[in-house]
Amino acid sequence: MNTDARRERFAPGRERRLTYVVRRMPLHAETERLKIEALRARHAPLLFPVIADPRLYTYVPERPPKTVAALVQRYAELNRGAPVGSSETWLNWVVRLRSEPVWIGTLQATVFPTRIAYIGYVVSAMYWSRGFATEGCNWLVRHLFDQVGASEIRASVDTRNEASWRLLDRLGFVRKGEHPLELHGRPAVDYHYSLSRRRAP
Ligand SMILES: CC(C)(COP(=O)(O)OP(=O)(O)OC[C@H]1O[C@@H](n2cnc3c(N)ncnc32)[C@H](O)[C@@H]1OP(=O)(O)O)[C@@H](O)C(=O)NCCC(=O)NCCS
């Protein structure tokens, strides 16, 4: 989960209602070229070749899973949801092509009772630069605003991760500032981005 998301603090009383709303949501969605499904542990073997690719981790703090079993465990944890008392709601999806049964990535959001959502997204390196992240994240943004009831969506991006910040620019996010941090033991800088519901396209 997004580290910035973990820094959020909430009004705990609103958590139950949000969780209730999210649990009633459909588990499948489609865009022009993509099928989007709620993530389950059974997706791990299908996604492993994508998610184990070290190229995905150049600008993010996570590390690739070493085995399918490790990814099964990770997805099972995500599927169980945020720890009791954390006030977070974890939403995770897997993305595949509509034209053929090829799994190409994941989408995620961590939502707080403040209705602020933090997003993350991954597309298989084999499918970069074909607009799939733009298409998937367009769905994600609409879903978070229209179905989940988010009031603001935030994302943090390494300043060197040009594809990611271009994606956020394209989606209408506003760059709010730069923040130094450490990535894989070296100094780095993140852009912080925000999209409020009233500014969303
Ligand atoms: C970031 C990521 C999801 C983008 O996926 P993608 O499917 O290639 O993105 P899209 O094809 O929709 O392109 C999005 C924008 O990035 C640009 N772009 C794509 N690849 C690029 C590259 N290698 N260098 C610079 N810009 C690039 C596109 O032109 C587009 O910008 P535009 O709308 O102004 O033309 C993908 O690179 C990825 O999974 N990276 C590893 C995980 C990661 O870093 N996730 C984000 C963490 S914040």
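Let me begin at the ligand, where helix H6 gives the most to the surrounding shell, with 6 residues, and let me say at once that what we are looking at is a predicted model. Of the 22 residues around the ligand, those that come nearest are Trp128, Ala133, Thr134, Ala163 and Arg166. Two or more residues of that shell come from each of strand E5 (116-123), helix H5 (132-148) and helix H6 (162-170). By class, the shell around the ligand divides into 12 nonpolar, 6 polar and 4 charged residues.

Now to the sheet, which is open and has 8 strands, in the order E1-E2-E3-E4-E5-E6-E8-E7 and with mixed pairing. Its edge strands, each pairing on one side only, are strand E1 (28-30) and strand E7 (174-183), and on average neighbouring strands are turned by 25° against each other, direction ignored. Within the sheet, strand E6 (residues 152-158) and strand E8 (residues 186-196) run antiparallel and are joined by 7 bridges, and here Glu152 stands opposite Ser196 in E8.

Helix H3 packs on this sheet, where it touches strand E3 (89-97) and strand E4 (103-111), and its direction makes about 95° with that of E4.

Finally, helix H3 (residues 44-51) also packs with helix H4 (residues 68-80), at an angle of about 115° and with their axes 9 Å apart, so H3 and H4 are roughly perpendicular to each other. Their crossing is right-handed. On the H3 side, Ala44, Pro45, Leu47, Phe48 and Ile51 meet Val68, Leu71, Val72 and Tyr75 in H4, and this contact of H3 with H4 has 9 nonpolar, no polar and no charged residues.

Terms used
Residues numbered from 1 in each chain as written. Predicted model: local features only at pLDDT ≥ 70, side-chain atom pairs only at ≥ 80, totals over all residues. Axes fitted to C-alpha atoms, helices over the stretch in contact; angles between N-to-C directions. Helix = DSSP H or I, 4+ residues; strand = E, 2+ residues; numbered from the N terminus. Parallel < 35°, antiparallel > 145°, perpendicular 65-115°, else oblique. Left-handed = near helix turned anticlockwise from the far one by under 90°. Contact = placed C-beta atoms within 7 Å. Nonpolar A, V, L, I, M, F, W, Y, C, P; charged D, E, K, R; others polar. Near = placed C-beta within 6 Å. Pairing = 2+ DSSP bridges.
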